[in-house]
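The following exercises are to be worked with the sequence and the structure in view. Each task is followed by a solution in steps.

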Amino acid sequence: MRSINIIFNLGIKELVSLSRDPMLLLFIVMAFTVFVYTAASATPQTLHKTPIAIIDNDRSQLSQQIVNAFTEPYFLPPEYVSAQTADRDMDRGRFTFIVDIPEGLQRDLLANKQPEIQVIVDATRMSQAFTGNGYVQAIIQTEVAEFTQQKAIMPVTVALRARFNAELNSGWFSAIMELINQITMLSIILTGAALLREREHGTIEHLMVMPVTPMQIMLSKVWSMGLVVLVAAAFSLFIVIKQVLDIPTLGSAGLFLFGTALHLFATTSMGIFIGTFARSMPQFGLLFLLIILPMQILSGGMTPFDSMPIAVQWIMSLAPTSHFTEFGQGLLFRGAGLDIVWPQLTALLAIGLVFFIISWRNFHQRIAQMA
Amino acid sequence: MHAGLVVSATDLCYHYRKTTALNGISLAIPRGQLCGFIGPDGVGKSTLLSLIAGARAVQRGQLQVLAQDITSRRSRKLLMRQIAYMPQGLGKNLYPTLSVLENLTFFAKLFAIPAKQRDERVKRLLTATDLWSFRHRPSGKLSGGMKQKLGLCCALVHNPDLLLLDEPTTGVDPLSRRQFWKLISEIRQQQPDISIIVATAYMEEAEQFDWLATINNGQLLTSGKPAQLLADTQTTSLEQAFMRLLGVTSQATPNPPQPRPEHDRAIAIEAQHLTLKFGAFTAVDDASFRINKGEIFGFLGSNGCGKTTTMKMLTGLLPPTSGSAALFGQPITHYDIETRKRVGYMTQTFSLYEELTVAQNLKLHGKLFGLSHEQLTERIEILAQQLDLSALMPQLAKQLPVGERQRLSLAVALIHEPDILILDEPTSGVDPVARDTFWRQLQVLARQHGVTLFISTHFMNEAERCDRISLMHAGKVLVTDTPAAITQASGKDSLEDAFVYYLAQAQPDTATPRVSSPTQRDEVVVQRRGFSLSRLLSISHRETIELMRDPVRLAMALIGSVILMFVLGYGINMDVDEIDFAVLDRDRTSVSRDYTLNLSGSPYFHQQDELTDYTELEQRLRSADISLAIEIPTNFASNLQRGNQVELGAWIDGSMPMRGETIQGYVQGMHAEWLNYQLSLQPSAPSNPGRISVESRYRYNPDIESLAAMVPAVIPLLLMLFPAILTSLSVVREKELGSITNFYVTPTRKSEFFLGKQLPYLALAMLNFFILLVQAIFVFDVELKGSLMALTLASLLYVVVATALGLIMSAFLNSQIAALFGTALATILPASQFSGMITPVTSLDGLARWIGEIYPTSYYMIASRGAFSKALGFGDLTVMLIGLAVAAVLFTMIGIMLVKKQER
């Protein structure tokens, strides 16, 4: 009971401290509104306004038909380039795709000679290159089929239906991922830096001569800073994502916040862990970068988790963000319930506990050196 | 403006948000004299000094220094060469990791003193101050007195006409204090026309001054010769005069100590052979003492002699290496919660929560000690009354002047009614009136409440109020007795003399006669005007030394990026494969199975157990068991045979849109292929079907290796984040720790400061670039097909931008935590998502598109990919190089513009 009292009061102290740093508050607000909004509205689709060029050596009805098939929003209006300049244009990054239509395409097709169209893809353009290539192929084949009127002969179509996000609007995805990123980033910085600040201002020394244990100091920071981020996340979810961005999320918001709380337990413990290691703010900053970048980029938020090498997947499964991202996607997009997401929640709790215990042991050992 | 004046102020006002520091002060300070400011804490002495020094911008009123208007930028530039300023706080403007010699040389370089003169001067100053033998010691490891002497050297290095010293002897032991003033008087002998203005809390020091100004509540009370002040107030000592002026009545002499406590009283604190070693350094060496209950025990000694360490051991903060200590007979074991409840501890530096109000601080600490609500209310009321805190309750601790802070600290230490109070220099920097009040309260505690007091101090009149004192030096307790007995034993007249006698005995080296004097008038210091490359380089040099002395930071900056490149290079993979799919086959014919085989035969797809109905389909998509479900309708084969319209269904998990789109593309492609195949099988085809083949050729990376694609994209990310965060923290850190003042008060130009700060991090970033390059080529086997020179040039321009960006951020921010979060926000998202690392900038929308178009990472990303994968050289990268060069110039110019040359 007394212990709970101490933890509560120390936590309140953290909240008051935070409320007195207006610049930091401004950044927090920005992170959960402007940044989430900007990330969400950045990329409506992977294939969006893809720059494409055509080398039309045929200048036939068919080639014209193919060119006209590349339309917005997937493609920018195709530009005609000559074979001589095409390479240089791609070198300069002007186009992701260049479709090379050979001379006599239409004639050869009708003569059943199986002409070949080349699609040159800028492989450095990553996602756009891979996703777009399938589209470009399909578009060309469809146009050719229409031209030769094969449709009537082979009337099999495939009705593609994207579940959970019918228009494959990547803004939805980006919004949630940015929210997750900000939750992780802020919670680590707030707790870690709060610990370092106590050290730099000598207040940790003061705490240590009082009947307060390291465990209580840690728990107070975990709950208070966690709460700040949780409130900010809830605001971002309900107001920015649901209202302003109008993204229809499925699943229970309560369950999402519960998962967020578990995630925060893990990340705030990580923050304390880094805070006990670093001796100064610049050191903390570097350690923070070292941890936050892989967590943001490799947790399945930017690239598919399953495509990463097994070793990396294994390492990243130790990071709470990987499970939180999976949990968030399952819950908010696929409307998964507790029956489906419980493994992720368990993983978050386990990781949180491990980090908390390691941090506690480390804090306990190092606290004497901090004074 | 009178020629005989060094400073003339008219109606000067200064406000910090709501608090008023200076309230229309007007004063005229004579030239060529030793002048002093005295007054209670927080009345604006320091503010006034920093305004005169030009460190702070004048808000209202007029201020002329050395007959020039300090508010004008032009004259300030000239004045900076004539003024020297030593801010408050021990070694506040020194660089703790730099050695004595490096510190002093750095200041000399800031004033662009030619090398030969500089070395001579540095040596003479250090010899004169007895610091020459410590010249290689880092200034952070010097004792307080030595730090102040070094600070003085740094101030004197450019032969100033006006020397401003803000409480130079606060927290300095008596011996060092004497040496300090001796040095000042020698300087005045050598250089009779130098003007010195000092703010001090020591009245005995102020008595030596030629001219004194008393200040209260931001206004001038009196000014003139000290004798005049005594005459006006009809007092005999300045201390009394001071109290009279403030309208405080006080006893003429300090309270005589109460009779020594009886020996049969309980022993409160006992230390036996207490020793603490930090590696080879012995901080406390075999200290033994015994303190009775209700006794006031004073702890005296030079700076860094082990007083604080002893106190920390007694509070249980530090475990002793050997020996033991006991409080009330209970041995102190590390982390004993019960002992802590009986002890109140006040640290040397203010260590309460500055962001909390006085009331919040008291409540928090009371609650931490487990006081009930009623107890707490009662205690706060009593303490507020005793320590005169009632009026301060709603104020933030940050805004309190030192004296009031110390009272608050004492109240916090007393909140739980401890039996033992351990107070570490509680009155440092506190004005005489407040100190007197403070001591009377301590005596009440000891005498009336039986509280045992263990207190360290540098004030001799305070030591005289103790029952017994210990003199400590270099970790050893020299003598322990009553003040009177100690004075007597030394054969001196006063306790101060006795103290100096004991210390001088313990450290004979200070008695060595000096051969040189600190300054020589005949020398001509050439000070170049305008932009100085050597000044810029000296700032870089200093920053580099600091960086080199923090190997952890250096190593993390270099190794960190290498590790990240490994993780990100291998980890980021845009391929979509191993797609789990399942089929809901309602037809179950060879044709439908053929369709399924067509999919499962592809390397992209991975077939899972067949579906039985829609519910299962939905369920398995939801749980991410499968990402694609194909439904083949009944009569698929027969309808196909008859040429009827048939529609297959494909459900794709769209929760990750990028992946969903790729799967869509695959399905369409596979479907088209299957159709073509089926057509070719149909003998009944009425006409020639006519087919074309579409061949995709992946340029630059024909095997579509993720690593080859990612490495050139990860380098720009890393080269943005690391330099930006390091530079922004490096400046904000100086702001937090106080050394930024050196930039404010020296003739350093904005551009010199900015570029000087930037240069070392630029070098670090380029080193980083080459390491990453080697890693990419030799470890990852990613071929650099294009021009190495072009890539290096692009990288150089890019890291100029990155470091400048960090410096720009630092212009707005004052706390390191905000600098870290702010810079992380300003770099991570734009660099990783809006700069074409994964999605090309041309495909972005809204604000992100705008950011991507102007964010330098976009340009460098193209340059890096161009040079690595596309075999591009200077010619092809011209546009990007020009873009980066423009950004570099622009960012640097904006950064220089934003640097503030004065505190506002």
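**Exercise 1. Compare the radius of gyration of chain B with the value for a compact globule of 904 residues.**

Solution. Step one: the radius of gyration is taken over C-alpha atoms, and the globule rule is 2.2 Å times the number of residues to the power 0.38. Step two: for 904 residues, a compact globule would come near 29 Å, whereas chain B has 37 Å. Step three: the C-alpha trace of chain B spans about 130 × 70 × 50 Å along its principal axes.

The model is a predicted one, in which local features need pLDDT of at least 70 and side-chain atom pairs count only at pLDDT 80 or more, while totals for chains, interfaces and linings use all residues. Residues are numbered from 1 along each chain as its sequence is written, and chains are lettered from A and ligands numbered from 1 in the order in which they are written.

**Exercise 2. Carry out the comparison for chain A, against a compact globule of 371 residues.**

Solution. Step one: the globule of 371 residues would have a radius of gyration near 21 Å, and chain A has 27 Å. Step two: along the principal axes, the C-alpha atoms of chain A fill a box of roughly 95 × 45 × 40 Å. Step three: an automatic or database assignment of domain bounds divides chain A into domain 1 (2–43 + 169–370) and domain 2 (52–147). The C-alpha centres of these domains of chain A are 46 Å apart.

**Exercise 3. Determine what percentage of the residues is buried in chain A and in chain B.**

Solution. Step one: a residue is buried if 20 or more other C-beta atoms lie within 10 Å of its own, exposed if 12 or fewer, and partly exposed in between, with C-beta atoms placed from the backbone. Step two: in chain A, 58% of the 371 residues are buried. Step three: in chain B, 54% of the 904 residues count as buried.

**Exercise 4. Describe how domain 1 of chain B meets domain 2 of chain B.**

Solution. Step one: the assignment for chain B gives domain 1 (86–159), domain 2 (267–510), domain 3 (533–569 + 704–898) and domain 4 (579–681). Step two: the C-alpha centres of domain 1 and domain 2 of chain B are separated by 32 Å. Step three: two residues are in contact if their C-beta atoms, placed from the backbone, lie within 7 Å. Four residues of domain 1 of chain B are in contact with four residues of domain 2 of chain B. Step four: the domain 1 side of this contact has no nonpolar, three polar and one charged residues. In these classes, Ala, Val, Leu, Ile, Met, Phe, Trp, Tyr, Cys and Pro count as nonpolar, Asp, Glu, Lys and Arg as charged, and the others, Gly among them, as polar.

**Exercise 5. Analyse the contact between chain B and chain A.**

Solution. Step one: chain B contributes 132 residues and chain A 124 residues. Step two: helix 24 (residues 657–681) of chain B gives the most to the chain B side, with 17 residues. Helices (H or I, at least four residues) and strands (E, at least two) are DSSP runs, numbered from the N terminus. Step three: the chain B side has 68 nonpolar, 40 polar and 24 charged residues. Step four: strands pair if DSSP finds at least two bridges between them. Eight bridges join strand 5 (residues 156–163) of chain A to strand 24 (residues 646–653) of chain B, and these strands run parallel. Within this pairing, A:Val156 has B:Val646 as its bridge partner.

**Exercise 6. Examine the transmembrane regions that UniProt lists for chain B.**

Solution. Step one: the unreviewed UniProt entry lists residues 707–732, 759–780, 786–810, 817–838 and 877–899 of chain B. UniProt positions are given in the numbering used here, feature names are shortened, and annotations may be inferred rather than shown by experiment. Step two: residues 707–732 of chain B are 100% helix and 0% strand, with end C-alpha atoms 37 Å apart. Step three: residues 877–899 of chain B are 96% helix and 0% strand, with end C-alpha atoms 33 Å apart.

**Exercise 7. Where is B:Ala67 placed, and what is the sign of its phi?**

Solution. Step one: B:Ala67 lies in the loop between strand 4 (60–65) and strand 5 (68–69) of chain B. Step two: phi of B:Ala67 is positive, at about 65°, although the residue is not a glycine. Most residues other than glycine have a negative phi. Step three: B:Ala67 counts as partly exposed because it has 15 C-beta neighbours inside 10 Å.
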